[in-house]
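Subject: A structure for you to look at

Hi there,

Here is the structure I promised to pass on to you. Please open it alongside this email, and then read on for what turned up.

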Amino acid sequence: MTVEIRALLPGDDRRSFRSGDDALDLYFHRYAGQNHFRHHIGVTYVAVEEPVILGFLTVSASQLDAELVAPSRRLPPYPVPVLRIARLASSEASRGRGVGKALLRFAVELAEKMRDEVGCVGMVVDAKPPAIGFYRPFGFVEIGLVEGTSPALPRPVPMFMSLSSVPRKP
């Protein structure tokens, strides 16, 4: 079977998906559909090997202050558009198959399309501390100090990847 990445459908069975992270699983089981179909505050894409969901990605349009995005680039002194990765997870059963990387590459393609059609300078993710190492090799860098963190309850770390680091397609 071939892995396909497509938009979540109302009839997709999300109940059996397990990432190993209770918060991500709860979001996918209970809220991904509401946010996608009813509230329109994020769009969820799934990596599937029909009928099994191997992973998911939820994205939304967002903005960041230009000085956080690229202090060395000349950008306007107001917030600039970015694509926010709200959630990204692969199933425990698909670990090691590159599902997370495929979903992240898909997000880059969405950001490039957004750049070309409506404007976008990059992507941002609030990475949980264990996921920082996943995002760094793709060019994500930490953007700003997160105050009030605690080893007992670590907060997500905002990270940014500029689309200028992605080669343009001919």
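How much of the protein chain, with its 170 residues, counts as buried? The answer is 42% of the residues. Please keep in mind that this is a predicted model. As for the outside, the chain exposes about 9,800 Å², and carbon and sulfur atoms supply 55% of that area.

Let's go through the fold next. You should be able to find four helices and seven strands. Starting at the N terminus, they follow one another as β-α-β-β-α-β-α-β-α-β-β. Contacts between residues far apart in sequence are well represented: of the contacts with a separation of 6 or more, 63% join residues 24 or more positions apart.

The seven strands come together in an open sheet with mixed pairing, and their order across it is β1-β2-β3-β4-β5-β7-β6. The edges are taken by β1 (4-7) and β6 (141-142); each has a single partner strand, so one side of each has no neighbour in the sheet. Further in, β3 (residues 52-64) pairs with β4 in the antiparallel sense, over ten bridges. If you would like one pair to look for, Gly55 has Ser90 of β4 as its bridge partner.

Now for the residue Ser94, which sits in the loop between β4 and α3 (99-117). Is Ser94 buried or exposed? Its relative accessible area is 2%, and under 20% counts as buried, so Ser94 is buried. Once its neighbours within four places in sequence are set aside, Ser94 is in contact with Leu54 and Val99.

Finally, have a look at the largest pocket, which has a volume of about 600 Å³. Its lining is made up of 23 residues, and those nearest the centre are Leu24, Leu88, Lys128, Ala131 and Tyr135. Two or more lining residues come from each of α1 (22-38), β4 (80-90), β5 (122-127) and α4 (132-135). Which element gives the most to this lining? That is β4, with seven residues. Sorted by class, the lining of the pocket has 13 nonpolar, six charged and four polar residues.

A good way in is to find β4 on your screen: this strand pairs with β3, and β4 also gives the most residues to the lining of the largest pocket.

Happy exploring, and do write back with any questions!

Best wishes

Notes:
Residues numbered from 1 in each chain as written. Predicted model: local features only at pLDDT ≥ 70, side-chain atom pairs only at ≥ 80, totals over all residues. Heavy atoms only, no water. 1 Å grid on protein atoms, 1.4 Å probe; cavity = no way out; pocket = protein on both sides within 12 Å on 5 of 7 lines; lining within 4 Å. Points joined across faces, edges and corners; volume = space filled by probe spheres on them. Nonpolar A, V, L, I, M, F, W, Y, C, P; charged D, E, K, R; others polar. Buried < 20%, exposed > 50% of the residue type's maximum accessible area, 1.4 Å probe, protein only. Contact = heavy atoms within 4.5 Å. Areas by Shrake-Rupley, 256 points an atom, 1.4 Å probe, with all protein chains shown as cover. Pairing = 2+ DSSP bridges.
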